[in-house]
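Let's take a walk through a protein together, one step at a time. Keep the picture in view as you read, and look up each residue when it is named.

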Amino acid sequence: MNITIAKAEECNDLVVFLNTVFGRGQANQPQFDQMYPDIFKPTTEKMAPHALIKDENTGKILSCVGSYPLDMVVDGCKVPIIGIGQVSTAKEALGKGYMSALLKYQINAAKEAGAVLAWLGGRHDRYGHFGFETASLQFQYGFDKGSIRFYKPNNKATCIKYEQIDEVFNDDFMELRNAEKDVIIDTREGLLERLVRCSPDLWVIYDDNNKPKAWALISNKWKTILEFAGDHAYIADIIAAAVEAYGDTRITLTHIKTALSEFSRAYCAWMGPRTESLLVLNKEKLLECYKPFIRPGTRLPSKELSDAEFIRACFGPEPGSLFLPFLLPSHYHV
């Protein structure tokens, strides 16, 4: 079988293929170019992440796996990762090993490029065969007007509608973002491009010089705080204002966001754990990337562990793990 990389002129064919595959038995399946308008653009750069197998005679796309490189910062540790998505095979090509071949191809390519960890939003029974394991532990908190009613904000939060974000979101906002403990490294333009998926509002608390002290991107469509920056006390005030405006919203936090987690526990309507599907690409380099987070003298997981065992030993949620933080915000999902 011949593996190729999607070309710019194949964008429309790829979208039609994905809509057909994921639409099997799903009458209300959203269209891929509508779900991910930032990904599916007819350019060489945007198509390059997609590995394809095509019919050698007709050129028809039979299978696809996308691999999207990202750099994640968690508590001072820079971790190169990839997101795996668009794993798909045409009905007439099922059972021929195309998807497996493409997935292995993308995983090997990511290893060679220096990525240490892969994320995938898929079924454990399907992708566990490739070493992906359900692990990590984040906490999701949901707020509504009833739960937040006893909280008294100290600062006024201003809501800037999505259509105005481009003219407001300047270097001051990015400076606050880059100072956060956990964030996906991105440019201002790259971040704003992602937001086309859900058209969030920008909530801001300004100082006396009209510079942002804290901000949050909040999608009323998804009822989700996508990301935020600034002191936890200001973010708490923004959450209260957003709940008043939208009725409810939720936030996902790693355990290193201790102060905001304490506020969230006190004023949430509900909370629950959230895990991820992760694959280690390089055990030694993964531990090296997280070295600033790991206390000196800590006993590290054996590299003789299986991929699944190693992921659990690093990220939990089982007791005794290193409990390494991991967070891929929803607007960076693929």
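## A guided walk

Our walk begins with Glu133, which is buried, with a relative accessible area of 9%. Bear in mind along the way that this is a predicted model. Glu133 is found in strand 6, which covers residues 133–144. Which residues does Glu133 touch, not counting those up to four places away in sequence? The list is His124, Glu276, Ser277, Leu278, Ala308, Ile311 and Arg312.

Next come the salt bridges. A search of the whole structure finds 19 of them. In one, the side chains of Glu10 and Lys54 meet, with 2.7 Å from N to O. Glu10 lies in the loop between strand 1 (3–5) and helix 1 (11–22), while Lys54 lies in strand 2 (residues 50–54), so this pair ties together parts that are 44 residues apart in sequence. Are the two partners buried or partly exposed? Glu10 counts as buried because its relative accessibility is 11%, under the 20% cut-off. Lys54, at 22% relative accessibility, counts as partly exposed.

Now find Arg177 and Glu227, whose side chains also meet in a salt bridge, with 2.7 Å from N to O. Arg177 lies in helix 8 (residues 171–178) and Glu227 in strand 11 (residues 224–230), so the pair ties together parts that are 50 residues apart in sequence. Both Arg177 and Glu227 are buried.

Another salt bridge joins Asp307 and Lys283, and here the closest N and O atoms are 3.9 Å apart. Why does this pair tie together parts that are 24 residues apart in sequence? It does so because Asp307 lies in helix 13 (residues 307–315) and Lys283 in helix 12 (residues 283–289). Asp307 is partly exposed, with a relative accessible area of 31%, whereas Lys283 counts as buried at 17% relative accessibility. Salt bridges can also share partners, and in this way Asp38, Arg194 and Arg197 are joined into one network.

Let's turn from charges to nonpolar residues. In soluble globular proteins, nonpolar side chains tend to be buried together. The largest nonpolar core here has 84 residues, and Phe40, Tyr290, Phe315 and Phe326 touch the most other members. Strand 3 (residues 61–74) gives the most to this core, with eight residues. To get a feel for the contacts, look around Tyr290: not counting residues up to four places away in sequence, Tyr290 touches Met72, Val74, Cys77, Val79, Phe315, Leu324, Pro325 and Phe326. Apart from the largest core lies another one, of 27 residues, and among them are Tyr141, Leu253, Leu260 and Phe263.

Our last stop is a pair of helices. How do helix 10 and helix 11 cross? The axes of helix 10 (residues 232–246) and helix 11 (residues 258–267) come within 9 Å and cross at roughly 35 degrees. The crossing is right-handed. On the helix 10 side, His232, Ile235, Ala236 and Ile239 take part in the contact, and they meet Ala259, Leu260 and Phe263 of helix 11. Sorted by class, this contact has six nonpolar residues, one polar residue and no charged ones. You may recognise Leu260 and Phe263, since both also appear among the members of the 27-residue core.

Definitions and conventions. Residues are numbered from 1 along each chain as its sequence is written. This is a predicted model: local features need pLDDT of at least 70, side-chain atom pairs count only at pLDDT 80 or more; totals for chains, interfaces and linings use all residues. Side-chain values use heavy atoms; hydrogens and water are left out. Axes are lines fitted to C-alpha atoms, for helices over the stretch in contact, and angles run from 0 to 180 degrees between N-to-C directions. Helices (H or I, at least four residues) and strands (E, at least two) are DSSP runs, numbered from the N terminus. A crossing is left-handed if the near helix is turned anticlockwise from the far one by less than a right angle, and right-handed if clockwise. Contact means heavy atoms within 4.5 Å. Ala, Val, Leu, Ile, Met, Phe, Trp, Tyr, Cys and Pro count as nonpolar, Asp, Glu, Lys and Arg as charged, and the others, Gly among them, as polar. Buried means under 20% relative accessible area, exposed over 50%, partly exposed in between (1.4 Å probe, protein chains only). A salt bridge is a side-chain nitrogen of Lys or Arg within 4 Å of a carboxyl oxygen of Asp or Glu. A nonpolar core is a set of buried Ala, Val, Leu, Ile, Met, Phe, Trp, Tyr and Cys residues joined through side-chain atoms within 4.5 Å.
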